[in-house]
Amino acid sequence: MTAPICLVGIGKIAKDQHVPAIAGSADWDLAATVSRAGTVNGVPAYQDFAQMLVERPEIEVISLCLPPVPRFDYAKAAISAGRHVMLEKPPGATIAEVQELQRLAGEAGVCLFATWHSRMACGVAAAKDWLAGRNVLGAQIVWKEDVRRWHPGQEWVFEPGGMGVFDPGINALSILTEILPEAVFLRSAELEFPENRQTPIAAKLKFSGNVSADLDWRQEGPQTWQIKVQTADGDVILDAGGSLLSIGGEAIDVGENREYPALYDRMAELVQSGQSDVDLAPMIHVSDALTLGRRTIVEPFHF
Ligand code: NAP
């Protein structure tokens, strides 16, 4: 049997991923949307979140697909109204506000799921299993994509709280923090800020344990989302955002990539078991990079 769910913020990721994932799910039925402009065919659409919460008491789960800065107020209102909440990544604009949501969800007895879609990429669990208990010698992230292609015209990514290149870069960090058997911490960062923007367009990070990350939002043509991890027993390479895996030079069959369907499967498990799932490790690395980073001003960026 399906349970009713409401999607809030009908923009790029809601349409590209959330709507099809819910449509294909045996657990969920898209029963309402809340958005100022976006709608989904055949689904009751609200513009006012408070009105939806009052008029649709049967909807127990709210999935928030807004950008991070406006998300907190919606999450708090949903929790106060006794609803379970799913947060798109990154889970908030600041670490403190996500911790506050954890506290509020605990008090209200509802589930809070801070999703990391890249952790659900089909190669990630197998990479984690293979690395468990092994001695990692080093790791390199190369995450280079074209911001015009993935965030067309989305000015918020370059506004404070939009994270700039860390918006995709945090996906790589969510995989790194999932698969490494031991935690690493940031030692230094170099950040490139376009002279007309508030967030970085490129970043180079160095972590403890010979771990590095090279993030760039100016890559046209083929896109690169790769993580290599070295061990004495061979290298693990996750490519295509974690959906391709090779170990010791041999390609591993990791099945079909279903990141967003897997997030909705997980939300069903959490609601059933009455648990929350919030891991702030990727966001802490981004926050540390913005604290420690040496800044360089580069040429202006225009969409
Ligand atoms: P988006 O299309 O720019 O925004 C989503 C929707 O949120 C908008 O259509 C808008 O709907 C609503 N919204 C925007 N600003 C708002 C505000 N200040 N107050 C209230 N509502 C607001 O962004 P997106 O690309 O879908 O990204 C949303 C989240 O998903 C981000 O956290 C992003 O990191 C994550 N994500 C994005 C991608 C991607 O490829 N784009 C991939 C994975 C995850 P209305 O104007 O109709 O209200």
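Two strands count as paired here if DSSP finds at least two bridges between them. With that in hand, here are some close-ups of this predicted model.

**View 1. Strands β1 and β2 run side by side in the parallel sense.** The pair is made of β1, residues 3–8, and β2, residues 28–34, and 6 bridges join them. To pick out one of the matches, start at Ile-5: its bridge partner in β2 is Leu-30.

**View 2. The whole open sheet comes into frame, with 6 strands and parallel pairing.** Reading across, the order goes β3-β2-β1-β4-β5-β6. The edges belong to β3 (45–46) and β6 (112–114); each has a single partner strand, so one side of each has no neighbour in the sheet.

**View 3. Helix α1 packs on the sheet.** This helix covers residues 12–23 and touches β1, β2 and β4 (61–64). Its direction makes about 175° with that of β1.

**View 4. Helix α3 packs on the sheet too.** Spanning residues 68–80, α3 touches β1, β4, β5 (84–87) and β6. Against the direction of β5, the angle comes out at about 160°.

**View 5. Helix α8 packs its buried residues against strands and a helix.** From first C-alpha to last, the 15 residues of α8 (259–273) reach 21 Å, close to the 21 Å expected at 1.5 Å a residue. Its buried residues include Tyr-260, Leu-263, Tyr-264, Met-267 and Leu-270. What do the buried residues of α8 pack against? The list is β1, α1, β2, β4, β5 and β6. Just past the end of α8, look for Gly-274, with a positive phi of about 70°.

Technical notes
Residues numbered from 1 in each chain as written. Predicted model: local features only at pLDDT ≥ 70, side-chain atom pairs only at ≥ 80, totals over all residues. Heavy atoms only, no water. Helix = DSSP H or I, 4+ residues; strand = E, 2+ residues; numbered from the N terminus. Contact = heavy atoms within 4.5 Å. Axes fitted to C-alpha atoms, helices over the stretch in contact; angles between N-to-C directions. Expected span 1.5 Å × (residues − 1). Buried < 20%, exposed > 50% of the residue type's maximum accessible area, 1.4 Å probe, protein only.
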